[in-house]
Amino acid sequence: MKKILVVDDDPYILMSLEFLMKKNGYQVMIARNGTEALEAINTVKPNLILLDIMMPDVDGYSICKHVKSKKDLKDIHVVFLSAKTKETDVQKGLDLGASMYITKPFSTRDLMKKVNELMQ
Amino acid sequence: MNKLFIAGCSILYLLLLFVIAYWVEQRRKKGMNILDKSWIYALSLAVYCTGWTYYGSVGRAVTNGPEFLSIYLGPSIMCALFIPLLRKLLRICKTQRISSIADLISTRYGKNYTLGIIVTLCCVIGIIPYIALQLKAISSSFQLISNTRQNIGADSWNDNTYLIAGILSIFIIIFGTRSVDASERHEGLVAAIAFESLVKLIAFIAVGIFVTYFLFDGFSSVFTSAHTAGFKEFFTLNNGFGNNDWLAMILVSMLSIIFLPRQFQVSVVENTNERNIYKAIWLFPLYLFLINLFVLPIAMGGKLLLGNTVSADTYVLSLPLHFNKPALSLLVYIGGLSAASGMIIVETIALSTMMSNHLVLPLIFSSKKMELNGEKNTVRNIKFSRRASIIVILLLACIYDKWIASSTSLVSIGLVSMAAVAQFAPATIGGLYSKILTRKGAIAGIITGFSIWFYTIIIPSFVNAGFIDSSIMSDGLFGIDWMKPQALFGLTSMGLLAHSFFWSILLNIGTLIAVSLVSQPSRQEEYQAELFVNIYKYQGITGGPGMWKTSANISDVNALLANFIGAARAEKLLSSYAQRHKIPFNQKEADPRIIDFSEKILTGVIGSASARFLVSSIAKEEEISIDKVLSIVRESQQVLELNKELKKNSLELSKAKEQLTEVNEQLMKMDVLKDEFLYTVTHELRTPLTSIRALSEILFDNPEMDEEQRQHYLEGIVKEIERLSHLITQVLNLERYESGRQKLNQSAVDISYLINGVIESINPLLKEKEIHLEFTQPSSMILLQCDKDMIRQVLYNLVSNAIKFVPDAGGEIKIVCRAEPDELQIWVMDNGKGIPEEVRELIFDKFFQAKNQTIQKPIGSGLGLAICKRIVEMHGGRIYVEPISPQGAKFVFTLPIS
C-alpha cells in the first residue's frame with residue numbers, strides 16, 4: 001500500500017485530507033508542522049507528500065528541498081497545497097522539484113484524480 | 001657714473017617694456033592668457049605712484065613730516081567706497097563704449113561737444129604740468145646719477161627732457177594708437193605698466209632697506225637718531241604749512257584715483273572684468289602701504305647723513321650714490337624712471353584720446369569741407385590726429401618744463417593737478433545718481449570750479465615766478481580786497497590747497513545745482529540721464545531702449561562704419577549683431593537697433609558727441625516726445641520683467657513637477673502596500689475557504705458517513721465560516737478607520753461600567769477555559785469622552801488575545817484602570833509567554849502574525865491589534881506592550897483626559 005504524508009497546520013484541512021486519502025486506499029500519516037513532517041519523512045519514507053508551505057517552524061519549501069537533496073528521498077512525489085498564489089511562489093515550488101503545485105482552495109475531486117495519477 | 005652707460009640702461013629698460021607689451025599682445029592675439037588679469041589690473045592702478053611719489057614723498061616728509069601719507073590714505077579709503085561707484089562707472093562705460101573722462105561727462109549730458117571740449121581743455125591745462133614734472137624727474141635723476149648736477153626738481157632746464165619725451169612718444173604711439181577704437185583695451189601696454197609698478201616698488205623698498213638696515217640698525221635706530229637730533233617735524237602733523245591741507249589732500253586724492261585721466265584709463269577703460277575690482281580693493285592699498293613704508297626712514301636718514309648738502313627730493317638717489325653703491329643707485333634710478341615713465345605713458349594716452357576725440361575730430365567732422373572719403377583716409381586721419389595729440393602733449397610738457405616749471409615749486413604740482421580734475425567729480429558722481437543735473441549746470445559748475453582752481457592755485461605760482469605783478473596777492477584782483485587769490489572772500493585760515501579745494505568744489509557744486517534747477521534738459525539729456533542713473537535696469541535690453549525713431553539706409557550705415565573700422569569688420573560686426581539679436585538685416589531700411597549699435601561702435605572710435613553727430617547726418621530722425629521715450633523704456637522694462645516672470649514660472653513648474661514625481665512615488669509605494677494588503681487578505685481568506693470546500697465536498701460525496709463524523713464536519717464548516725465572516729468584518733472595519741470615513745461618536749462614558757460589560761460578554765469563554773480574570777476598579781467613577789463602541793472593541797480584542805495566549809492551565813488575566821493627571825491608562829495583563837522585545841512594535845501591524853511564521857499560527861484575523869491601535873490613535877491615545885515578571889504581557893492603552 002502506497003504511503004502518503006499530509007502536512008498542514010490547519011486541523012480541518014488535515015482532517016479532510018486524511019479522510020480522503022484513506023478512502024482512496026492509501027496509508028496516511030499526518031504532520032501538524034515542519035518538524036513532525038521531517039521526522040515522518042525520515043522514518044517512514046512516504047511515496048507522496050501533500051505539503052503546505054506556510055507553517056510555524058519549518059516551511060514547506062525547506063522540506064521539499066531537503067527531500068529532493070537526499071538520494072534515498074528524492075523519488076518521493078511532493079505536491080504543494082498552498083494559499084500562496086503568486087506566480088513566483090508557484091515557480092519556486094516547481095523549481096525545487098515538486099511534482100505539482102495546487103493552490104488553495106482546491107477541489108477535492110481534482111486533487112484525488114491527480115494524486116491517483118501520480119501514484120500509478 | 002658714465003653718462004652713456006646710464007643712457008644705455010635707460011633705453012634697455014624701455015626696450016624691455018616694449019618686449020613685455022609686444023609679447024602680451026602677441027599672446028592675446030593667439031587667444032592665450034598668461035597672467036592673472038586681476039593682478040595686472042591691481043598693479044596697473046599703482047600708476048598712481050609717480051616719480052613725484054618716488055622722489056617727492058621723501059622731500060615732503062622732510063618738510064612736513066607724515067603729512068605725505070594723506071594722499072595715499074585717500075585712495076585707500078576710497079577703495080572701500082570704490083565698489084558701487086566703480087561698478088556703475090564700468091557698466092556704463094562698457095555699454096556705451098566710453099573711452100575717457102571727457103567722453104563720460106559729455107555722454108551723460110546729452111553727448112554734447114561743448115562739455116567734451118571744456119573737460120578736455122581742463123585736463124590738458126591741469127595735467128600738462130604734472131607730465132612736465134615727470135619728465136623733469138627723469139632728466140634730473142639722470143643728471144644726478146651721471147654726476148652732472150646735484151639737485152632734482154630745481155633750477156635749470158636741460159635738453160635731455162626732449163630726448164626722453166621723444167623716446168616715450170614713440171613707445172606711446174606704437175602701443176597706444178594701434179587700433180582706432182580707443183575704447184578697445186591695450187592689454188600689452190597695461191601689462192607693461194603693471195611691470196613698471198613692480199619695478200618701482202622693488203627699487204624703493206631696496207633703497208629703504210639699504211638706509212634702514214645698512215646705514216642704520218633698523219627702524220627704531222633711525223627713529224631714535226632722528227629724535228635725538230631733534231627733528232620734531234617727522235613726528236608731528238602740525239608744522240604751519242597749512243592746518244587743513246592734510247584733510248584737503250585726503251579728499252583730493254580720494255577723487256583723483258578716479259578722475260585723473262590716467263587712473264580713469266587704467267581703472268575703467270582698460271578694465272576687462274568687473275570682478276577685477278575685488279582684488280584691487282585690498283591689493284592697491286597694500287601696494288601703497290609698502291611703497292610708503294620706508295619714506296620716513298629714508299627722509300630721516302637723508303637728513304641725518306646728508307643734511308642740506310643736497311635737496312631732500314634727491315635723498316632716495318643721493319643716499320646710495322653718496323655711500324658709493326653703484327648697483328643700488330642704478331636700480332633706484334631705474335625705479336624712478338619706471339615711476340615717471342609709467343605715469344607719462346598712461347596719462348598721455350588718456351589725454352591724447354580726449355584731445356583727438358573732443359578737440360580735433362569735432363573740428364574735422366563739423367567742417368563742411370570734410371568728406372568721408374573712404375576707409376583708409378578716415379582711419380589715417382584719426383590715427384594721425386591721435387598721434388599728433390601725443391606729440392603735442394609731450395611738447396607742451398617740455399615747454400612748460402622749460403619756461404614755467406623752473407620757477408615754480410615742483411613738489412605740489414601733483415596735488416595741483418589732482419585738485420584740477422577733482423572739479424569733474426560733482427558733475428560726474430552727481431550725474432551717476434541724480435537725473436536733475438543738466439548739461440548747462442555741468443558746464444557752469446566745471447567752469448566755475450576750474451576758474452577758482454586756476455585763480456587760487458595757478459595765479460599765485462605765476463606771481464611767484466614773476467609773470468604777474470605781486471600786487472594781486474596783497475590787494476586782490478582790480479584792488480578788490482575779497483578777491484585775493486589766497487584769501488578768497490576773506491577766508492585766510494586755510495592752507496593753499498585746502499583754501500583752493502574748499503572754494504572751488506563748494507562753488508562748483510553750488511553752480512551745478514543752481515543752474516541745473518533753472519535750466520531745461522534736452523530730450524537727449526533726459527534719455528542719457530535715465531540710462532546712467534538706472535543703468536542696471538537696462539541690462540540685457542537689446543541695443544538699449546531706442547530714443548529716436550530713426551530711419552536710415554543700411555548701406556549708409558555700413559558705409560559710415562566702414563570709414564572708421566574697415567568695410568570687412570563693419571559688415572561682420574553688424575551682421576553678427578543682427579544675428580545675435582534676431583534683427584532683420586538684409587532689408588533696405590536699417591533697424592533702429594542697428595543704428596544705435598553703430599553709434600556705439602563709433603563712440604568707441606571718435607567719442608560720443610562726434611558719433612552722435614555723424615549718425616544723425618545719415619539718419620532721418622524723428623524726435624519723439626519724452627513721454628513716448630519713457631513708454632518705450634517702460635515697455636522694454638516690462639518685457640524684461642515678463643521674462644523674469646516667465647523664468648520664475650518655469651522654475652515653479654519644474655518644482656511642481658518634482659513634487660508630482662514625489663507624490664507619484666509615494667502613491668506607487670502606497671499602491672504596493674495596498675497590493676500587499678489585498679494579497680494578505682485573500683491569502684487569509686483562502687485558508688478557511690479551503691477547509692469549508694474540502695469538508696463540504698467530502699460530506700456531499702460520502703452520504704454513507706456516520707452521524708458523529710458528519711456532525712464533526714459540519715461543526716468545522718460553521719466555525720470556518722464564522723472565522724471567514726469575522727475576518728471580513730475586521731478588514732472592513734480597519735479600512736473604515738484608516739480611510740477616516742469612520743467618525744468618532746463621542747459621549748461621556750463610565751469606564752468601569754464599560755469594562756464590566758466586556759468582561760460579562762466574554763465570561764462564558766473564560767469559564768470554559770478556566771481562566772481567572774481580575775479587574776481592579778478605580779477608586780472613583782471615571783467619566784470619559786470617547787466612542788463607546790470602539791473602546792469596547794479595543795478592550796474585547798485585548799482580552800480575547802490574552803485568552804488565546806494564557807497557558808492552558810492556570811491562565812490569569814488582570815485588568816487595571818488607572819487615572820493619571822492627563823490620561824487614563826487601561827492595562828490588560830496575561831501570564832502567557834509574553835511578546836519578544838524585537839516584535840513589540842511590529843505586532844500592531846496588519847497581519848503581523850501571518851507574515852512572521854516564527855510564532856504561533858494566527859488564531860484570529862491578524863487585524864485585531866492593528867484595529868486597536870487605529871482606534872486608540874483616533875482618540876489621541878497610545879497603545880503599547882510591556883513584559884511583566886515572572887512571565888506575561890502587559891498591553892497598555894491610554895486615553896487623554898481633556
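These are my notebook entries on what I looked up in a predicted model of two chains, A and B.

**Entry 1: confidence**

I began with the scores, and for the model as a whole I noted an ipTM of 0.93 and a pTM of 0.58. For chain B I wrote down an average pLDDT of 80, with 86% of the residues scoring at least 70. I then looked for weak stretches in chain B and found that the pLDDT is below 50 over residues 542-547, although this stretch has 19 contacts in the model beyond near neighbours in sequence. I marked residues 853-857 of chain B as well, where pLDDT stays under 50 and the model has nine contacts beyond four places in sequence.

**Entry 2: chain A in outline**

I turned to chain A and counted five helices and five strands in its secondary structure. Reading from the N terminus on, I found that the elements run β-α-β-α-β-α-β-α-β-α. Of the 120 residues of chain A, I noted that 42% count as buried. I also looked up how far along the chain the contacts reach, and among those in chain A with a separation of 6 or more, 57% come from residues 24 or more positions apart.

**Entry 3: the sheet of chain A**

In what order do the strands of the open sheet in chain A lie? I read the order as β2-β1-β3-β4-β5, an open sheet of five strands with parallel pairing. The edge strands of chain A are β2 (27-31) and β5 (100-103), each of which pairs on one side only. On average, neighbouring strands of this sheet are turned by 20 degrees against each other, with direction ignored.

I then followed β3 of chain A, residues 48-51, and saw that four bridges join this strand to β1 (residues 3-7) of chain A, the two running parallel. Within this pairing, A:Ile4 stands opposite A:Leu48, and A:Val6 stands opposite A:Leu50. β3(A) is also joined by four bridges to β4 (residues 77-82) of chain A, again running parallel, and here the bridge partner of A:Ile49 is A:Val78 in β4(A).

Which way do the residues of β3(A) point? I found A:Leu48 and A:Leu50 pointing one way, with A:Ile49 and A:Leu51 pointing the other way, and all of these are buried.

**Entry 4: where chain A meets chain B**

I next looked at the interface, where 18 residues of chain A are in contact with 17 residues of chain B. On the side of chain A that touches chain B, α1 (11-23) and α5 (108-119) each supply at least two residues. The most comes from α1(A), which gives five residues to this side. Sorting this side of chain A by class, I recorded ten nonpolar, two polar and six charged residues.

**Entry 5: chain B and its core**

For chain B I counted 32 helices and nine strands, and I noted that buried residues make up 45% of its 898 residues. Among the contacts in chain B with a separation of 6 or more, residues 24 or more positions apart account for 80%.

I then asked myself which residues touch the most other members of the largest nonpolar core. They are B:Ala299 and B:Ala419, in a core of 191 residues. Helix α15 (residues 326-366) of chain B gives the most to this core, with 18 residues. I followed B:Ala419 further and, leaving aside residues up to four places away in sequence, found that it touches B:Val252, B:Trp453, B:Ile457, B:Leu497, B:Ser500 and B:Phe501.

**Entry 6: one lysine of chain B**

Last, I picked out B:Lys788, which is found in helix α30 (residues 788-805) of chain B. Why does B:Lys788 count as partly exposed? I saw that B:Lys788 has 17 C-beta neighbours inside 10 Å, and therefore it counts as partly exposed, since a buried residue would need 20 or more and an exposed one 12 or fewer. Not counting residues up to four places away in sequence, B:Lys788 touches B:Ser747, B:Val749 and B:Leu754. I checked the last of these contacts along the chain as well, and although B:Lys788 and B:Leu754 are 34 residues apart, their C-alpha atoms are separated by 7.7 Å.

Methods. Residues are numbered from 1 along each chain as its sequence is written. Chains are lettered from A and ligands numbered from 1 in the order in which they are written. This is a predicted model: local features need pLDDT of at least 70, side-chain atom pairs count only at pLDDT 80 or more; totals for chains, interfaces and linings use all residues. Two residues are in contact if their C-beta atoms, placed from the backbone, lie within 7 Å. Ala, Val, Leu, Ile, Met, Phe, Trp, Tyr, Cys and Pro count as nonpolar, Asp, Glu, Lys and Arg as charged, and the others, Gly among them, as polar. A nonpolar core is a set of buried Ala, Val, Leu, Ile, Met, Phe, Trp, Tyr and Cys residues joined through C-beta atoms within 7 Å. Two strands pair if DSSP finds at least two bridges between them. Axes are lines fitted to C-alpha atoms, for helices over the stretch in contact, and angles run from 0 to 180 degrees between N-to-C directions. pLDDT is the predictor's confidence in each residue, from 0 to 100.
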